[in-house]
Amino acid sequence: MNEKGPEGFEAFYSSIFKERWPRLKEALLAQKKHVAVINPFSKFHFKETPVQITGISFEHSVGDLFPSPEKTEEGYLNYYPLDAASILPVEALDLRPGDKVVDLCAAPGGKSFLCALKLKNQGLLVSNDRSAARRARIHRIFDDYLPKSEQKNHTVTGHDATKWSLYQKSIYDKVLLDAPCSSERHVLEDSKELSLWAQGRTKAIAISQFAMLASALDIVKVGGTIVYSTCALSPLENDDIIKKLYQKREGRFELIRKEFPFGEPTEYGWQVLPDTTGWGPFYLAMVKRIK
Ligand SMILES: C[S@@+](CC[C@H](N)C(=O)[O-])C[C@H]1O[C@@H](n2cnc3c(N)ncnc32)[C@H](O)[C@@H]1O
């Protein structure tokens with residue numbers, strides 16, 4: 001099998017998704033839909049009754065394209081547009097005001113913003129990202145969407161998530177690990193990226209994703225929850241990461257199973273694919289530390 005370039009990509013993903021692949025590929029190349037999560041600090045409301053997806057607790061509207069967010073007279077942007085599947089990991093965290101939360105790979109900051117809405121400025125929210133340029137985007141989102149007085153529990157850090165547990169252990173109630181991944185949707189859309197694709201890349205990314213998850217298991221408190229998520233299609237970066245956690249950290253965690261309003265179960269988690277839902281691709285799995 002040619003393991004590189006467009007042909008390698010095609011061979012790799014059609015061997016995984018089989019007869020589903022042509023439909024899935026077509027859906028990946030289609031125009032993306034968005035959800036606009038309404039910013040309560042902007043006091044904005046859509047004029048027409050918004051289309052909602054039931055089971056999502058943030059006030060939102062669904063559409064193909066939304067105009068760019070605008071500031072209302074309150075001085076804050078009116079909504080945050082994102083893929084509906086990106087809301088699921090935040091729902092999965094089941095955040096309560098007062099929780100101590102770290103978002104290990106947080107930039108540009110969409111999911112951290114949703115976490116902030118749930119935490120209501122209580123407890124602690126650490127938004128971490130190793131890239132300085134991308135950390136600047138987290139600051140910008142928080143300042144564009146939230147009054148300063150609503151950010152007192154929020155801090156932005158720049159650590160390497162794979163090494164975090166060397167410095168902190170058993171600190172957080174909830175850990176969000178929205179890991180860097182193969183992002184095949186972007187690869188398919190970009191002929192240069194597609195020509196550079198190689199099967200070895202997903203294997204290399206998976207090594208660093210596992211290091212981050214192993215680190216997350218040390219920094220969450222016993223009884224606390226980790227949500228692991230990616231926008232990858234490659235199972236090496238999804239269920240295989242949880243499988244490896246069973247192999248390497250057996251007895252230290254339990255899998256949490258949950259149904260979401262759209263998508264499908266996998267062996268260890270939940271996957272949202274655009275051919276059936278119009279959203280994603282997105283994968284998430286939840287684990288609870290028990291030791
Ligand atoms: C999938 S994006 C996160 C998207 C973000 N959670 C959101 O919803 O806006 C992954 C992020 O991980 C960051 N990253 C990559 N390697 C990292 C590492 N070793 N430690 C911390 N952050 C890392 C990247 O800079 C990138 O911003």
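For sorting pocket-lining residues, Ala, Val, Leu, Ile, Met, Phe, Trp, Tyr, Cys and Pro count as nonpolar, Asp, Glu, Lys and Arg as charged, and the others, Gly among them, as polar. With that in hand, the pockets of this predicted model can be taken in turn, starting with the second largest.

The second largest pocket holds about 310 Å³ of space. It is lined by 18 residues, and those closest to its centre are Pro-40, Phe-58, Leu-117, Lys-118 and Lys-120. Sorted by class, this lining splits into nine nonpolar, four polar and five charged residues. Strand S1 (34–38) and helix H4 (110–119) each put at least two residues into the lining of the second largest pocket. H4 is the biggest giver here, with three residues.

Next comes the largest pocket, where the space amounts to about 1,100 Å³. Its lining takes in 42 residues, with Ala-107, Pro-108, Lys-111, Arg-134 and Asp-178 closest to the centre. Nonpolar residues number 19 in this lining, alongside 13 polar and ten charged ones. Four elements each bring at least two residues to the lining of the largest pocket: strand S3 (79–82), H4, helix H6 (184–189) and helix H8 (199–219). H8 has the largest share, at four residues. H4 thus turns up in both places, with at least two residues in the lining of the largest pocket and three in that of the second largest.

Two of the residues closest to the centre of the largest pocket, Ala-107 and Pro-108, deserve another look for their backbone. The peptide bond that runs from Ala-107 to Pro-108 is cis, and its omega is near 5°. Pro-108 sits in the loop between strand S4 (100–103) and H4. A cis peptide bond also links Gly-280 to Pro-281, this one with omega about 10°. Here the proline, Pro-281, is placed in the loop between helix H10 (274–277) and strand S12 (282–289). One further backbone oddity is Lys-18, a residue other than glycine with a positive phi, near 50°. Lys-18 belongs to the loop between helix H1 (5–17) and helix H2 (21–29).

S1 and S3, which came up with the pockets, also meet in a sheet. Three strands make up this open sheet, in the order S2-S1-S3 and with antiparallel pairing. Strand S2 (60–63) and S3 are the edge strands, each pairing on one side only. From one strand to the next, the twist averages 20°. Between S1 and S3, the antiparallel pairing runs over four bridges. At the residue level, Ile-38 stands opposite Tyr-79 in S3.

That leaves the helices. Two packed helices are described by the angle between their axes and the distance between the axes. H4 packs against helix H5 (residues 132–145) at an angle of about 40°, and the two axes lie 9 Å apart. Angles under 35 degrees count as roughly parallel and 65 to 115 as roughly perpendicular, so H4 is oblique to H5. The crossing in which H4 passes H5 is right-handed.

H8, the main contributor to the lining of the largest pocket, has a packing partner in helix H9 (residues 239–248). The axes of H8 and H9 cross at roughly 55° and come within 10 Å. By that same reckoning of angles, H8 is therefore oblique to H9. The H8 and H9 crossing is right-handed, and so is the one between H4 and H5.

Methods: Residues are numbered from 1 along each chain as its sequence is written. This is a predicted model: local features need pLDDT of at least 70, side-chain atom pairs count only at pLDDT 80 or more; totals for chains, interfaces and linings use all residues. Side-chain values use heavy atoms; hydrogens and water are left out. On a 1 Å grid over the protein atoms alone, a cavity is a set of points where a 1.4 Å probe fits but cannot get out, and a pocket is an open set with protein on both sides within 12 Å along at least five of seven lines; lining residues have an atom within 4 Å of a point. Grid points are joined across faces, edges and corners, and a volume is the space filled by probe spheres set on the points. Two strands pair if DSSP finds at least two bridges between them. Axes are lines fitted to C-alpha atoms, for helices over the stretch in contact, and angles run from 0 to 180 degrees between N-to-C directions. Angles under 35 degrees count as roughly parallel, over 145 as roughly antiparallel, 65 to 115 as roughly perpendicular and the rest as oblique. A crossing is left-handed if the near helix is turned anticlockwise from the far one by less than a right angle, and right-handed if clockwise.
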